[in-house]
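Dear colleague,

Please find below the structure that I am handing over to you. My findings are set out after it.

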Amino acid sequence: MNTTKTFKTNPKYSAALHDAQHAFWAVIAEYYPECEFGDFPPDAHHAFNRACKDAAAVWLEYNLPIITNNSEDKQQ
């Protein structure tokens with residue numbers, strides 16, 4: 001299931017991903033204060049971004065209310 005295209009250009013989605021990733025790394029850094037740097041290889045960074053986008057898109061797909069443009073649905 002590739003749902004990331006649905007949210008790809010949504011500014012709210014992009015902001016949520018950005019904030020969530022920063023929160024993730026803040027928690028990791030909190031638990032490992034002995035780490036002096038935040039080095040992360042580019043290929044791992046790309047994989048992390050893709051995994052976050054995919055996970056968020058799937059989560060949103062399963063949790064957002066279904067919105068349709070079907071006029072029959074609007075009448076009910």
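The notes that follow move from the overall fold to one helix pair and then to a single ion pair.

Please bear in mind that this is a predicted model.

Overall fold

The protein chain holds four helices and zero strands, and from the N terminus on its elements run α-α-α-α. Of the 76 residues in the chain, 16% are buried. Among contacts with a separation of 6 or more, 77% are between residues 24 or more positions apart.

Helix 2 and helix 3

The helix pair I examined consists of helix 2, residues 11-31, and helix 3, residues 42-63. Their axes lie 11 Å apart, and the two helices pack at an angle of about 120°. Because of that angle, helix 2 is oblique to helix 3. The crossing of the two helices is right-handed. On the side of helix 2, the contact is made by Tyr13, Leu17, Gln21, Phe24 and Trp25. Helix 3 contributes Phe48, Asn49, Cys52, Lys53, Ala56, Ala57 and Leu60. By character, the residues of this contact divide into nine nonpolar, two polar and one charged.

One residue of helix 2 deserves a separate remark, namely glutamine 21. Is glutamine 21 buried or exposed? With a relative accessible area of 16%, glutamine 21 falls under the 20% limit and is therefore buried. Leaving aside residues up to four places away in sequence, glutamine 21 touches Phe48, Asn49 and Cys52. These three residues also belong to the helix 3 side of the contact with helix 2.

The salt bridge

How many salt bridges does a search of the whole structure find? The search finds one. Aspartate 54 forms this salt bridge with arginine 50, and the closest N and O atoms are 3.7 Å apart. That distance satisfies the criterion, because a salt bridge requires the nitrogen and the carboxyl oxygen to be within 4 Å. In general, side chains of opposite charge can pair when their charged atoms come close. Aspartate 54 and arginine 50 both lie in helix 3 and are four residues apart, so about one helical turn separates them. As for accessibility, aspartate 54 is partly exposed, at a relative accessible area of 31%. Arginine 50 likewise counts as partly exposed, at 36% relative accessibility.

With kind regards

Terms used:
Residues numbered from 1 in each chain as written. Predicted model: local features only at pLDDT ≥ 70, side-chain atom pairs only at ≥ 80, totals over all residues. Heavy atoms only, no water. Salt bridge = Lys/Arg side-chain N within 4 Å of Asp/Glu carboxyl O. Buried < 20%, exposed > 50% of the residue type's maximum accessible area, 1.4 Å probe, protein only. Axes fitted to C-alpha atoms, helices over the stretch in contact; angles between N-to-C directions. Parallel < 35°, antiparallel > 145°, perpendicular 65-115°, else oblique. Left-handed = near helix turned anticlockwise from the far one by under 90°. Contact = heavy atoms within 4.5 Å. Nonpolar A, V, L, I, M, F, W, Y, C, P; charged D, E, K, R; others polar.
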